[in-house]
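Visitor: I would like to learn how to read a protein model, one feature at a time. Where should I begin?

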Amino acid sequence: VLDFTQPARRFGADIPVMPDRDTIAGILTTLAPLDTTHTVTNPRVEVDGDSATLFALVEAQHVTRAEPHRHLLLKNIYDVALSRSAEGWAIEAMTIRNVWFDGDPSVLFGPAG
């Protein structure tokens with residue numbers, strides 16, 4: 001599950017909670033024309049048996065390849081629920097909240113309105 005509703009609402013977009021891997025994979029179409037980088041800081045992990053929670057600050061830069069002067073820089077909080085299986089740890093649910101941004105939101109969310 002991926003919940004990106006708060007950042008989307010902040011920029012006037014209506015993106016529902018994404019309930020499964022196939023829906024989440026659809027994000028790749030939106031990101032295809034962009035170069036993106038993500039820097040993760042301040043991670044905090046709490047493990048309780050086969051479950052864990054992760055908190056991190058993530059700075060996400062999005063730049064259009066066609067117009068590299070256009071960018072959107074987001075500082076987000078990630079709250080993540082994980083579970084352990086025989087294959088290792090897997091993300092069960094992630095909520096992303098935006099703290100601040102710099103640049104042009106239309107780079108990621110399209111034109112306003």
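Guide: Begin with the order of the elements, which from the N terminus on is β-α-α-α-β-β-β-β-α. That comes to four helices and five strands. Keep in mind that this is a predicted model.

Visitor: What does the C-alpha trace span along its principal axes?

Guide: The span is about 45 × 30 × 25 Å. Of the 113 residues in the protein, 30% are buried.

Visitor: How do I read a sheet, and in which order do the strands lie here?

Guide: Strands of a sheet pair through backbone hydrogen bonds, either parallel or antiparallel. Here the five strands form an open sheet in the order E1-E5-E4-E3-E2, and the pairing is mixed. E1 and strand E2 (34–48) are the edge strands, each pairing on one side only.

Visitor: Which pairs are antiparallel, and over how many bridges?

Guide: E2 and E3 pair in the antiparallel sense over 13 bridges, and E3 and E4 also pair in the antiparallel sense over 13 bridges. For single positions, Asp-35 has Val-63 in E3 as its bridge partner, while Leu-57 stands opposite Ile-77 in E4.

Visitor: How many residues lie between the strands of each hairpin?

Guide: Two residues separate E2 and E3, and Gly-49 in that turn has a positive phi of about 65°. The hairpin from E3 to E4 runs through six residues.

Visitor: Is the pairing of E1 with E5 parallel or antiparallel?

Guide: Parallel, over two bridges. At one position there, Leu-2 has Met-94 in E5 as its bridge partner.

Visitor: What else does Met-94 touch, beyond its neighbours in sequence?

Guide: Apart from residues within four places in sequence, Met-94 is in contact with Val-1, Leu-2, Asp-3, Tyr-78, Asp-79 and Val-80.

Visitor: How do I read a nonpolar core, and which residues of this one touch the most other members?

Guide: In soluble globular proteins, nonpolar side chains tend to be buried together. The largest nonpolar core here has 19 residues, and those touching the most other members are Phe-4, Leu-72, Tyr-78, Met-94, Ile-96, Leu-108 and Phe-109. Two or more residues come from each of strand E3 (51–64), strand E4 (71–85), strand E5 (88–103) and helix H4 (106–109). E4 gives the most, with five residues.

Visitor: Asp-3 is a charged residue, so how should I read its surroundings, and is it buried or exposed?

Guide: Asp-3, in strand E1 (residues 2–3), is buried but has no salt bridge. The nearest side chain of opposite charge is Arg-9, 6.3 Å away. A salt bridge would need the charged atoms within 4 Å, so that distance is too long for one. The side chain of Asp-3 does make a polar contact with the side chain of Thr-5, at 2.6 Å. Leaving aside residues within four places in sequence, Asp-3 is in contact with Val-17, Met-94, Thr-95 and Ile-96.

Visitor: Why does Ala-90 count as partly exposed?

Guide: Ala-90 is in strand E5. Its relative accessibility is 25%, so Ala-90 counts as partly exposed, because that class lies between 20% and 50%. Not counting residues up to four places away in sequence, Ala-90 touches Ala-81, Leu-82 and Ser-83.

Visitor: How far apart are Ala-90 and Ser-51 in sequence and in space?

Guide: They are 39 residues apart in sequence and 9.6 Å apart in space, C-alpha to C-alpha. For the protein as a whole, take the contacts between residues at least 6 apart in sequence: 50% of them join residues at least 24 apart.

Terms used
Residues are numbered from 1 along each chain as its sequence is written. This is a predicted model: local features need pLDDT of at least 70, side-chain atom pairs count only at pLDDT 80 or more; totals for chains, interfaces and linings use all residues. Side-chain values use heavy atoms; hydrogens and water are left out. A nonpolar core is a set of buried Ala, Val, Leu, Ile, Met, Phe, Trp, Tyr and Cys residues joined through side-chain atoms within 4.5 Å. Buried means under 20% relative accessible area, exposed over 50%, partly exposed in between (1.4 Å probe, protein chains only). Contact means heavy atoms within 4.5 Å. Lys and Arg count as positive and Asp and Glu as negative; His and the chain ends are not counted. A polar contact is a pair of N or O atoms within 3.5 Å; within protein, one must be able to donate a hydrogen and the other to accept it, and residues adjacent in sequence count only if both atoms are side-chain atoms. Two strands pair if DSSP finds at least two bridges between them.
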